[in-house]
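This briefing goes through one protein chain, from its overall make-up to individual residues. Please keep the sequence and the coordinates at hand while reading.

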Amino acid sequence: MKRILLFLATNIAIMVVLSIVLNVLMAVTGVHGIQTKSGQINYMGLLLLASVFGFGGAFISLFLSKWMAKRSMGVQVIDQPRTSSEIWLMETVQRLARQANLGMPEVGVFDSPDMNAFATGASRNKALVAVSTGLLQGMERDEIEAVLAHEISHVANGDMVTLTLIQGVINTFVIFIARIVGHVVDRVVFKSERDYGPAYFITVIVTEIFLAILASAIVMWFSRKREFRADAGGAKLAGRDKMIAALRRLQHAHEPEELPGQLAAFGINGGLGHGLRKLFMSHPPLEERIAALEAMR
C-alpha cells in the first residue's frame, strides 16, 4: 500500500509540474494548443506536448530515482558502517568504483529474502547501489563482489541515462501518434468538425495502451542488451569466474520478487520468462548470460 500511495502521489506531482512547464513553453513559443482555429492538427503544438510529457516524465523519474528507491524498497543507506559485513560492503564498492573511475556511490541494504541488488541515480557520480539481505545471506563474498561489480558497471556504462533517453523517445512517439489516430477517427469516422468528441479521447486512450505495450517490448530489448554489457563489465572488475559463480548461484534460487518500476532494469536478477513474456523481460535468461561470459576471452 505504501508503494502504491507513493507512486500515485509522485505521478500526480509530475503531471502538475509538466502541465505548468507546457503552459510556459507554449506562452514563450507562441504555440497554442494542439488544434488550429480551423480544427486541424497543430503539429508543432502536438509535438511540444508530446515532448514535454514524453521526455519530461522520463527525466523527472530519473532524477527522483534514488529518492523513490530508498522509500519504495525501504533501503537503509550505510553512512557509518557498524558491522564487519557493512565495512566489507563499503570497502568493496569503493574499490570497484575506483577501478571504474566513478565517484563513490551511496551504498544501502533493503530487507528482502530474495537474492537481488540494483543501482540507480541521475548521474555516474551520484548513484545508489543497494543489495538485499537475502543476497548478503545467500551468497559467498566473491559472488557478492561480482554482483556489486555488475551494478557498478551499470553506473559506469551510463545505463540509467541511456534507458531514460530511449524511454523519452518512446513516450513522445506514443503520445504523438495516439493523438493523430484519435484526430483521424474523430474527424473521418465520427465527422466532428471543431471540438473533439468522446470518440477522440477513447481512441487516444486505447491507442496509447496498445502502443505502450509494443514500446515496452522495445525498451526491454535494449535493457537485455545492456545486461550482457554489465555482466562483461562485472567480469572485468571482479573476475569472470566470480561473475559466473554469482549467476549460477542465482540459477538455484527461487524466482525473485519483481523490483518496482525502472529499478527492474538495473537489478541483478530479472526472474523467469516464458512464451510472449520473454519479450517483456528486463533481463536475458541466466543460462544465456552465463554462456556469454564463458565465451569471453
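The model is predicted, and its chain holds 10 helices and four strands. Of the 297 residues in the chain, 49% are buried. The points below start from the overall pattern, then take up the positions annotated in UniProt, one helix pair, and several residues with their surroundings.

**Overall make-up**

- In sequence order, the helices and strands follow the pattern α-α-α-β-α-β-β-β-α-α-α-α-α-α.
- Among the contacts in the chain with a separation of 6 or more, 68% are between residues that lie 24 or more positions apart.

**Positions annotated in UniProt**

- The unreviewed UniProt entry carries the annotation "active site" for Glu151, a residue that is found in helix H6, which spans residues 141-156.
- Glu151 has a relative accessibility of 0% and therefore counts as buried, the cut-off for that class being under 20%.
- The annotation "binding site", also from the unreviewed UniProt entry, covers His150, His154 and Glu227; these residues are spread over 78 residues of sequence and yet cluster in space, with a largest C-alpha distance of 8.7 Å.
- His150 lies in helix H6, and because its relative accessible area is 0%, His150 is classed as buried.
- Glu227 belongs to helix H8, and with a relative accessible area of 0% Glu227 is buried as well.
- Which side chain does the side chain of Glu227 meet in a polar contact? The partner is the side chain of His154, at 3.3 Å.

**The pair of helices H8 and H9**

- Two packed helices are described by two quantities, the angle between their axes and the distance between the axes.
- For helix H8 (residues 198-238) and helix H9 (residues 240-251), the angle is about 130 degrees and the axes are 6 Å apart.
- Why are H8 and H9 called oblique to each other? Their angle of about 130 degrees is not over 145, as roughly antiparallel would require, and is outside the 65 to 115 range of roughly perpendicular, so the pair falls into the remaining class, oblique.
- On the H8 side the contact is made by Asp231, Gly234, Ala235 and Ala238, while H9 contributes Arg240, Lys242, Met243 and Leu247.
- Sorted by class, the residues in this contact of H8 with H9 are four nonpolar, one polar and three charged.

**Residues of helix H7**

- Asp186 lies in helix H7, which runs over residues 159-189, and at a relative accessibility of 1% Asp186 counts as buried.
- What does the side chain of Asp186 reach at 3.3 Å? Its partner there is the backbone nitrogen of Gly197.
- When neighbours within four places in sequence are left aside, the residues in contact with Asp186 are Lys191, Ser192, Asp195, Tyr196, Gly197, Ala199 and Tyr200.
- Arg179 also has its place in helix H7; its relative accessible area is 19%, and because the limit for buried is under 20%, Arg179 still counts as buried.
- With neighbours within four places in sequence set aside, Arg179 is in contact with Leu46, Leu49, Tyr200, Val204 and Glu208.

**A residue of helix H2**

- Val52 lies in helix H2 (residues 43-63) and is buried, its relative accessible area being 10%.
- Beyond the neighbours within four places in sequence, Val52 is in contact with Leu18, Val21, Leu22, Leu25 and Gly57.
- One of these partners, Val21, is 31 residues away from Val52 in sequence, with 7.7 Å between the C-alpha atoms of the two residues.

**Exposed loop residues**

- Is Glu140, in the loop between helix H5 (133-138) and H6, buried or exposed? At 51% relative accessibility, Glu140 counts as exposed, because that class takes values over 50%.
- The C-alpha atom of Glu140 is separated by 9.4 Å from that of Arg249, a residue 109 residues apart from Glu140 along the chain.
- Asn101 lies in the loop between helix H4 (84-99) and strand S2 (106-110), and with a relative accessible area of 65% Asn101 is exposed.
- Most residues other than glycine have a negative phi. Asn101 is not a glycine, yet has a positive phi of about 60 degrees.

How values were computed
Residues are numbered from 1 along each chain as its sequence is written. This is a predicted model: local features need pLDDT of at least 70, side-chain atom pairs count only at pLDDT 80 or more; totals for chains, interfaces and linings use all residues. Side-chain values use heavy atoms; hydrogens and water are left out. Helices (H or I, at least four residues) and strands (E, at least two) are DSSP runs, numbered from the N terminus. Buried means under 20% relative accessible area, exposed over 50%, partly exposed in between (1.4 Å probe, protein chains only). A polar contact is a pair of N or O atoms within 3.5 Å; within protein, one must be able to donate a hydrogen and the other to accept it, and residues adjacent in sequence count only if both atoms are side-chain atoms. Contact means heavy atoms within 4.5 Å. Axes are lines fitted to C-alpha atoms, for helices over the stretch in contact, and angles run from 0 to 180 degrees between N-to-C directions. Angles under 35 degrees count as roughly parallel, over 145 as roughly antiparallel, 65 to 115 as roughly perpendicular and the rest as oblique. Ala, Val, Leu, Ile, Met, Phe, Trp, Tyr, Cys and Pro count as nonpolar, Asp, Glu, Lys and Arg as charged, and the others, Gly among them, as polar. UniProt positions are given in the numbering used here, feature names are shortened, and annotations may be inferred rather than shown by experiment.
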